[in-house]
Amino acid sequence: MTPAEEKDIKLFLYHAKQCDPKKCTGKKMARFGLVNLSEKIERIPSRSILLDPMAEKALSPADSSKKGITVLDCSWEEVERVFPQLLRMRLEHRALPYLVAANPVNFGRPFKLTSVEAFAASLYILGNKKQAETIMSKFNWGHTFLELNHEPLEEYSQAKDSKDILRIQSEYM
Ligand SMILES: C[S@@+](CC[C@H](N)C(=O)[O-])C[C@H]1O[C@@H](n2cnc3c(N)ncnc32)[C@H](O)[C@@H]1O
């Protein structure tokens with residue numbers, strides 16, 4: 001698909017109110033109208049992809065038919081407690097493959113992405129590169145994330161399925 005043909009993928013953010021709202025990248029996206037923000041867990045649409053750092057399956061282009069992408073904006077200290085609670089919901093849990101953070105808090109650290117980085121990486125992998133650039137353009141370090149990860153993101157976006165993603169990831173780790 002060329003960028004001109006891209007149809008926006010719906011983005012959902014469940015905000016657990018565990019971070020400083022002034023520094024929260026998800027809240028900033030909501031201020032720009034780039035994400036549907038909810039503080040009620042039951043509002044997360046079923047069958048959307050839930051970006052879960054602990055999920056067994058990696059996100060791949062084979063997930064492009066799912067109903068939107070959901071990020072759970074919580075503290076990293078709470079991740080291991082909060083995500084297992086969501087397993088009862090009908091969501092497709094997916095982890096992102098090896099990518100390096102470019103945000104000022106975790107710059108250079110693999111896997112530990114902010115909400116906006118996680119959304120942008122997913123959009124890129126699912127073929128919505130223009131939408132990924134649009135959301136990152138609201139952050140002064142946003143372009144750096146896409147630049148720093150350009151090579152793996154391009155490769156991941158050409159992958160066939162989750163297994164293929166893991167094969168590509170192993171070349172970067
Ligand atoms: C833990 S919160 C932290 C948000 C941070 N306070 C902010 O301002 O962006 C980041 C969320 O992005 C998603 N995420 C980040 N890195 C991920 C990864 N490697 N795999 C899957 N999801 C990831 C998850 O939904 C995760 O809960």
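**Exercise 1. Which residues does UniProt assign to the domain "16S/18S rRNA aminocarboxypropyltransferase Tsr3 C-terminal"?**

*Solution.* Start with the record: UniProt, in an unreviewed entry, puts this domain at residues 49-173. Now turn to the coordinates, keeping in mind that this is a predicted model. Take the C-alpha atoms at the two ends of residues 49-173 and you get a separation of 25 Å. Then look at the make-up of that span: 42% helix and 9% strand.

**Exercise 2. Work out how far you can trust the model.**

*Solution.* Begin with the per-residue score: the average pLDDT for the protein is 92, and 98% of the residues reach at least 70. Next, grab the global scores, which are ipTM 0.98 and pTM 0.95.

**Exercise 3. Explain why strand S1 counts as largely enclosed.**

*Solution.* Step one: find S1 at residues 11-15. Step two: apply the cut-off, where buried means under 20% relative accessible area. Step three: 5 of the 5 residues pass, so S1 is largely enclosed by the rest of the structure. Step four: check both faces. Leu11, Leu13 and His15 point one way, Phe12 and Tyr14 point the other way, and all are buried.

**Exercise 4. Trace the strand partners of S1.**

*Solution.* First go to S4 (residues 69-73), which runs parallel to S1 and is joined to it by 5 bridges. One pair to click on is histidine 15 with aspartate 73. Then move to S2 (residues 36-38), also paired with S1 in the parallel sense, over 3 bridges. Here tyrosine 14 has serine 38 as its bridge partner. Finally, follow the chain from S1 via helix H1 (residues 25-31) into S2: this β-α-β crossover is right-handed.

Definitions and conventions. Residues numbered from 1 in each chain as written. Predicted model: local features only at pLDDT ≥ 70, side-chain atom pairs only at ≥ 80, totals over all residues. Heavy atoms only, no water. UniProt positions renumbered as here; feature names shortened; annotations may be inferred. Helix = DSSP H or I, 4+ residues; strand = E, 2+ residues; numbered from the N terminus. Buried < 20%, exposed > 50% of the residue type's maximum accessible area, 1.4 Å probe, protein only. Pairing = 2+ DSSP bridges. Right-handed = clockwise from strand over helix to strand, strands pointing away. pLDDT = per-residue confidence, 0-100.
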